[in-house]
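Me: I should like to understand how the terms used for a structure follow from its values. May I put some questions about the one shown here?

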Amino acid sequence: MNPIKYTKEVVKEGKRIRWPKRDVLFPTIVVVICISVFVALFLTLEDLTAGSLINQLRNVFGGN
């Protein structure tokens, strides 16, 4: 496909998109950020716990 034609069609499709209104967009962004922070904290805690458990197992079984 011709790159110029492709670019024109992408721009044309981009104009047809119905973007959400601000009153819908901002609460959605807040929810996404809150979930992301929660998941990041959960995974960090899980990683620290797993690392601690592995170190304790190494100490018990005489690993390096």
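**Terms and the values behind them**

Reply: Please begin; the model is a predicted one. Helix α1 covers residues 3-16, 14 residues in total, and reaches 20 Å from its first C-alpha to its last. That span is close to the 20 Å expected at 1.5 Å a residue.

Me: What makes N2 a cap of the N-terminal end of α1?

Reply: A side-chain oxygen of N2 lies 3.2 Å from the backbone nitrogen of I4. A polar contact requires such a pair to be within 3.5 Å, and the 3.2 Å of this pair meets that limit.

Me: Why is F26 called partly exposed?

Reply: F26 belongs to helix α2, residues 22-60. Its relative accessible area is 46%. Buried would need a value under 20% and exposed one over 50%, so F26, in between, is partly exposed.

Me: Which residues form a nonpolar patch on the surface with F26?

Reply: The patch joins F26 with L25, I29, I33, V37 and L41, and together they have about 540 Å² of accessible area. A patch residue needs over 30% relative accessible area, and the 46% of F26 passes that cut-off.

Me: How do you know that the protein is more spread out than a compact globule?

Reply: Its secondary structure comes to 2 helices and 0 strands. The radius of gyration is 24 Å, whereas the globule rule gives 11 Å for 64 residues; the value is well over the rule, so the protein is more spread out than a compact globule. The C-alpha atoms fill a box of roughly 65 × 40 × 10 Å along the principal axes.

Me: What share of the 64 residues counts as buried?

Reply: The share is 0%. The protein exposes about 6400 Å², of which carbon and sulfur atoms supply 68%.

Notes:
Residues numbered from 1 in each chain as written. Predicted model: local features only at pLDDT ≥ 70, side-chain atom pairs only at ≥ 80, totals over all residues. Heavy atoms only, no water. Helix = DSSP H or I, 4+ residues; strand = E, 2+ residues; numbered from the N terminus. Expected span 1.5 Å × (residues − 1). Polar contact = N/O pair within 3.5 Å; in protein donor to acceptor, adjacent residues only side chain to side chain. Patch = residues over 30% accessible without salt bridge, like charges linked within 9 Å, V, L, I, M, F, W, Y side chains within 5 Å. Areas by Shrake-Rupley, 256 points an atom, 1.4 Å probe, with all protein chains shown as cover. Salt bridge = Lys/Arg side-chain N within 4 Å of Asp/Glu carboxyl O. Buried < 20%, exposed > 50% of the residue type's maximum accessible area, 1.4 Å probe, protein only. Rg over C-alpha atoms; globule rule 2.2 N^0.38 Å.
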